[in-house]
Each structure stands twice: as C-alpha cells, then as structure tokens.
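Subject: Structure for your attention, with notes

Dear colleague,

I am handing over the structure we spoke of, and my notes on it follow directly below. Please read them with the coordinates open beside you.

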Amino acid sequence: MRKKLAAGNWKMNGLVDSLSQVETLVAQHPAPGCDVLLCPPATLISAMSAIAGSALSIGGQDCHQAQTGAHTGDISAQMIRDAGGNYVILGHSERRADHDESDAQVAAKTKAAWDADLIAIICVGETEAQRDAGTTLQIIRDQLASSVPDGATGTNTVIAYEPVWAIGTGRTPSLPQIAQVHDDLRTTLTARFGTQGDAMRLLYGGSVKPSNADEIFATSNVDGALVGGASLKATDFGAIITALSKAH
Ligand code: PGA
C-alpha cells in the first residue's frame with residue numbers, strides 16, 4: 001500500500017512570521033491520516049523542523065549535485081538533512097525554466113539526495129504547447145527516463161506530475177487527463193522498476209485547492225498532491241490534508 005502524501009511547496013515565500021501558519025497547521029492536524037510535508041525556503045527549514053514534530057516532514061526545494069564545495073549560493077542535500085529535512089523537490093518546472101536545469105542535472109541531484117538520505121520528489125510535466133501538439137505522454141516518458149536514475153524505489157523517490165500550464169494559473173487538466181498521465185506513469189515506472197515502480201507515490205500538482213482536492217484524490221493512480229499557493233495558508237492546506245486523509 002502506498003502511503004498518501006500531501007506536500008506543500010512554499011517556493012520563494014515565507015518569513016519567520018509565516019511560521020505561525022505551521023503552528024496552526026500542527027495544532028489542527030496533530031496526527032493526520034496521510035503523510036504531510038512542507039518545503040519552505042531554505043532559510044526556514046531549521047525553524048520549521050523544530051515546530052513540525054511528528055505531524056509533518058520538512059523538505060528543501062532544490063539541492064546541488066555535490067555535497068560540499070565552491071558553489072556560492074547553492075545548498076546541498078546534506079545541508080537540508082542537517083537542518084532537519086527529509087525530502088527535496090527536484091526538477092520543478094520553475095527550476096527547469098529559470099535555471100535551465102536539464103534532466104541529466106535532475107538525475108545527478110537525485111543521486112545526491114539519496115546519498116544524504118533524502119527522499120527525492122522528481123517533477124515532470126508538459127507545457128501547454130506540448131499538450132496542444134499531442135505529445136504530453138511522450139514528453140513525460142522522456143523526462144522520466146532521463147531524470148529518474150537507476151536505483152529509484154518506492155522509499156527513496158516520489159514522482160510529481162505537474163503540467164506547466166496548470167501551475168499557479170487556477171487551471172487544471174480534466175480528471176480523465178490526469179488519470180491518463182498517472183496511469184501511464186505507473187505503467188512506465190513498473191516496466192522499469194518492477195514492484196518498486198508500483199510502490200512509488202505519484203503526486204498531482206498544479207492549482208490544487210480545497211475545492212478540487214476531493215475529485216483529484218479520487219482519480220486513478222493519484223497518491224497525493226504537490227501544492228503551491230494553497231499550502232501557504234493553514235486553513236487551505238489543512239482542508240487539502242483532510243481531503244487526502246479521507247480519500248481511498
Ligand atoms: P500551485 O503550484 O499549487 O500554486 O499551482 C504547484 C507547484 O508548482 O508545485
């Protein structure tokens with residue numbers, strides 16, 4: 001059985017004051033019926049870990065592929081772990097676009113994450129032009145093949161399907177479209193990794209909010225969500241956690 005995961009990505013949002021949202025979340029969901037993860041900016045990982053207790057896990061939003069060295073401004077997987085993190089998001093489309101990250105870099109970062117004992121959340125997803133061109137499944141299969149290294153298991157890796165055009169836009173694919181991609185992800189991962197491919201959790205991400213969480217969580221092969229904007233407020237993220245806890 002795959003344990004469901006509600007993951008929040010704060011992106012470049014959050015100051016020390018914002019930790020009050022996490023205190024509220026922990027107070028209202030001390031023992032959620034699913035795994036819960038928040039990935040704040042690196043500056044807050046340590047402070048958020050102290051608040052999290054056993055109610056939620058904390059993660060980073062990116063890491064370098066080396067554990068130490070002369071890489072000004074970067075953060076390593078080992079540092080995330082040292083600050084109290086257990087997960088790291090890798091290959092988010094904003095990193096791929098803003099920092100020109102390639103699938104090969106995402107694969108190298110994933111290995112660095114595993115070496116530091118972090119669970120990698122590897123993001124894949126098509127642009128609107130690619131969807132319009134009918135190449136969605138091929139694009140995603142290619143990203144999976146090149147971004148996910150050999151050795152991926154249900155324990156060290158989570159895959160997030162995030163259509164680029166659905167992120168922060170309020171638009172989402174139809175439920176059959178989400179099911180089509182998630183079913184194809186499952187088939188592709190199982191073909192390559194066997195039972196470990198079946199054990200890997202598949203998150204949907206892109207404009208997930210309390211009002212659409214129930215139907216998305218009822219969709220085939222959706223094991224949770226990667227949530228951006230709606231993870232910033234305890235009330236919204238709390239409602240999404242509740243929806244996922246009830247889903248089966
Ligand atoms: P969104 O972001 O929920 O704000 O659309 C999702 C993501 O980028 O992970």
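The ligand has 13 residues around it, and those that come nearest are Lys11, His92, Glu162, Gly168 and Ser207. Please bear in mind from the outset that this is a predicted model, and that the distances given here are computed from it. An oxygen atom of the ligand lies 2.7 Å from a polar side-chain atom of lysine 11, and histidine 92 likewise uses its side chain, an N or O atom of which is 2.6 Å from a ligand oxygen. With serine 207 the contact involves the backbone, a polar atom of which is 2.8 Å from an oxygen atom of the ligand.

Lysine 11 deserves a second look for its backbone, since its phi is near 50°, a positive value in a residue other than glycine. Lysine 11 is found in the loop between E1 and helix H1 (19-28), and because its relative accessibility is 22%, it counts as partly exposed. Aspartate 117 also has a positive phi, of about 70°, although it is not a glycine; this aspartate lies in the loop between helix H5 (103-115) and E5, and with a relative accessibility of 54% it counts as exposed.

As to the fold, eight strands form a closed barrel in the order E1-E2-E3-E4-E5-E6-E7-E8, and their pairing is parallel. On average, neighbouring strands of this sheet are turned by 25° against each other, direction being ignored. Within the barrel, strand E5 (residues 119-124) and strand E6 (residues 157-161) pair in the parallel sense over five bridges, with valine 124 standing opposite tyrosine 161 in E6. Helix H8 (residues 175-193) packs on the sheet, where it touches E5, E6 and strand E7 (201-205), and its direction makes about 150° with that of E7. Helix H11 (residues 234-246) also packs on the sheet, touching strand E1 (5-9), strand E2 (35-39) and strand E8 (224-227), and the direction of H11 makes about 160° with that of E1.

E1 and E2 pair in the parallel sense over five bridges, and the bridge partner of glycine 8 in E2 is leucine 38. How far is E2 enclosed by the rest of the structure? Four of its five residues are buried, so E2 is largely enclosed.

Glycine 8 and leucine 38 appear again around serine 231, which, leaving aside its neighbours within four places in sequence, is in contact with Gly8, Asn9, Trp10, Leu38 and Phe237. Serine 231 lies in the loop between E8 and H11 and is buried, with a relative accessible area of 3%, while its side chain reaches the backbone oxygen of glycine 228 at 2.7 Å.

Turning to charged pairs, the count comes to 15 salt bridges. In one of them the side chains of aspartate 223 and arginine 2 meet, at 3.0 Å from N to O. This pair links distant parts of the chain, aspartate 223 being in the loop between helix H10 (210-217) and E8 and arginine 2 in the segment before E1, 221 residues apart. Aspartate 223 counts as buried because its relative accessibility is 5%, whereas arginine 2, with a relative accessible area of 24%, is partly exposed. These two residues also belong to a network of salt bridges that links Arg2, Arg186, Asp198 and Asp223.

Two further salt bridges may be useful to you when you inspect the side chains. Glutamate 126 forms one with arginine 131, the closest N and O atoms being 2.8 Å apart, and both of these residues are buried. Arginine 141 forms another with aspartate 184, and there too the closest N and O atoms are 2.8 Å apart. Arginine 141 lies in helix H7 (residues 136-147) and aspartate 184 in helix H8, so this pair ties together parts that are 43 residues apart in sequence. At 32% relative accessibility, arginine 141 counts as partly exposed, while aspartate 184, at 15%, counts as buried.

With kind regards

Methods. Residues are numbered from 1 along each chain as its sequence is written. This is a predicted model: local features need pLDDT of at least 70, side-chain atom pairs count only at pLDDT 80 or more; totals for chains, interfaces and linings use all residues. Side-chain values use heavy atoms; hydrogens and water are left out. Two strands pair if DSSP finds at least two bridges between them. Helices (H or I, at least four residues) and strands (E, at least two) are DSSP runs, numbered from the N terminus. Axes are lines fitted to C-alpha atoms, for helices over the stretch in contact, and angles run from 0 to 180 degrees between N-to-C directions. Contact means heavy atoms within 4.5 Å. A salt bridge is a side-chain nitrogen of Lys or Arg within 4 Å of a carboxyl oxygen of Asp or Glu. Buried means under 20% relative accessible area, exposed over 50%, partly exposed in between (1.4 Å probe, protein chains only). A residue is near a molecule or strand if one of its heavy atoms lies within 4 Å of it. A polar contact is a pair of N or O atoms within 3.5 Å; within protein, one must be able to donate a hydrogen and the other to accept it, and residues adjacent in sequence count only if both atoms are side-chain atoms.
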